[in-house]
Amino acid sequence: MAPEAIQKARRSAGGAAGGGGGVGAAVYKAGKPSDVWSLGCILYQMVYGRTPFAHISGDRKLEVITDPKHQIAFPAKRTLDEQRLREAEEAERSSPPSSPPAQPALEELDDILLDCMRASLLYGASSRATIPQLLSHPFVRDDVTLSRGKLRQIVMRIQAYMQQGGLTEENVGEMAERLMTNLQLDAWTPFVGGGEDSRK
């Protein structure tokens, strides 16, 4: 639940408790910025395997979510899921010492993905990305945009592929053409919220 939705719910509950004579729970509408917050929480869960506030328990969680001074952590690396971790460990055990090292237990996250999550989880509703802004964000668009980190990963994979003999003079042109067809190298700039926000 977004900070503004929690605050509205608290105000509605306080008003309903004041004896207005109404029956049932108070009704409030959170709006589209709250939907963007929820999307950010879902994306965070998908990336890190936990919600942004999973480390906080009980009633304290609502206090922290509504605290504009609290900063959500966006680690640049994530732990691989259990299946990928087992596969990486198996590859490391079965590969000869001269081959490239197996995938580490931590995976570096793309700057564009991190920016999309940050834009969705800004504290202030007016600072948070809007739905149209998210739909045009490089992480969501159909075309592919590369950050320096992602390009570095591609180059390292190509190097490993070459060392294994999978890239030859005969197929290098074809592979480069396929890569250029599938990639659109646009420059991107990180999202900047619409107002002052302490969670940037």
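# Close-ups of a predicted model

**View 1. D110 and its neighbours beyond the local stretch of chain.** Leaving aside residues up to four places away in sequence, D110 touches S147 and K150. Keep in mind that this is a predicted model. D110 sits in the loop between β2 (106-108) and α5. Is D110 buried or exposed? With 16% relative accessibility, D110 counts as buried, because the cut-off for buried is under 20%.

**View 2. How helix α5 begins.** What caps the N-terminal end of α5? That job falls to D110, which has a side-chain oxygen 2.9 Å from the backbone nitrogen of I112. I112 is itself one of the buried residues of α5, while D110 belongs to the loop that comes between β2 and this helix.

**View 3. Helix α5 under cover.** Helix α5 spans residues 111-120, and eight of its ten residues are buried, so the helix is mostly covered. The buried set is I112, L113, L114, D115, C116, M117, A119 and S120. What do they pack against? Their partners are α2 (32-48) and α6 (131-135). For one member of the set, C116, the relative accessible area is just 4%.

**View 4. A nonpolar patch on the surface.** Here I131, L135, F139 and V140 make a nonpolar surface patch of about 340 Å². I131 lies in helix α6, and α6 is one of the helices that the buried residues of α5 pack against. I131 has 36% relative accessibility, so it counts as partly exposed.

**View 5. A salt bridge between distant parts of the chain.** How many salt bridges does the structure hold? There are two, and this view shows the one where the side chains of R128 and E4 meet, at 2.8 Å from N to O. R128 is in the loop between α5 and α6, while E4 is in helix α1 (residues 3-17), so the pair ties together parts that are 124 residues apart in sequence. R128 is buried, at a relative accessible area of 2%. E4 is buried too, and its value is 13%.

**View 6. A salt bridge within helix α3.** Now look at E63, which forms a salt bridge with R60; their closest N and O atoms are 4.0 Å apart. Both residues belong to helix α3 (residues 60-65), where they are three residues apart, so about one helical turn separates them. E63 is partly exposed, with a relative accessible area of 44%.

**View 7. Two cysteines, C41 and C116.** How many disulfides does the structure hold? The count is zero. For anyone new to the term, a disulfide is a covalent bond between the sulfur atoms of two cysteines. C41 counts as buried at 17% relative accessibility, and C116 is buried at 4%.

**View 8. Stepping back to the chain.** The chain has eight helices and two strands. Starting at the N terminus, the elements go α-α-α-β-α-β-α-α-α-α. Of the 200 residues in the chain, 30% are buried. The chain exposes about 13100 Å², with carbon and sulfur atoms supplying 56% of that area. Finally, take the contacts between residues at least 6 apart in sequence: 76% of them join residues at least 24 apart.

Definitions and conventions:
Residues are numbered from 1 along each chain as its sequence is written. This is a predicted model: local features need pLDDT of at least 70, side-chain atom pairs count only at pLDDT 80 or more; totals for chains, interfaces and linings use all residues. Side-chain values use heavy atoms; hydrogens and water are left out. Buried means under 20% relative accessible area, exposed over 50%, partly exposed in between (1.4 Å probe, protein chains only). Helices (H or I, at least four residues) and strands (E, at least two) are DSSP runs, numbered from the N terminus. Contact means heavy atoms within 4.5 Å. A polar contact is a pair of N or O atoms within 3.5 Å; within protein, one must be able to donate a hydrogen and the other to accept it, and residues adjacent in sequence count only if both atoms are side-chain atoms. Patches are made of residues with over 30% relative accessible area and no salt bridge: like charges are joined within 9 Å, nonpolar side chains (Val, Leu, Ile, Met, Phe, Trp, Tyr) within 5 Å. Accessible areas come from the Shrake-Rupley method with a 1.4 Å probe; for residues, only the protein chains shown count as cover. A disulfide is a pair of cysteine sulfur atoms within 2.5 Å.
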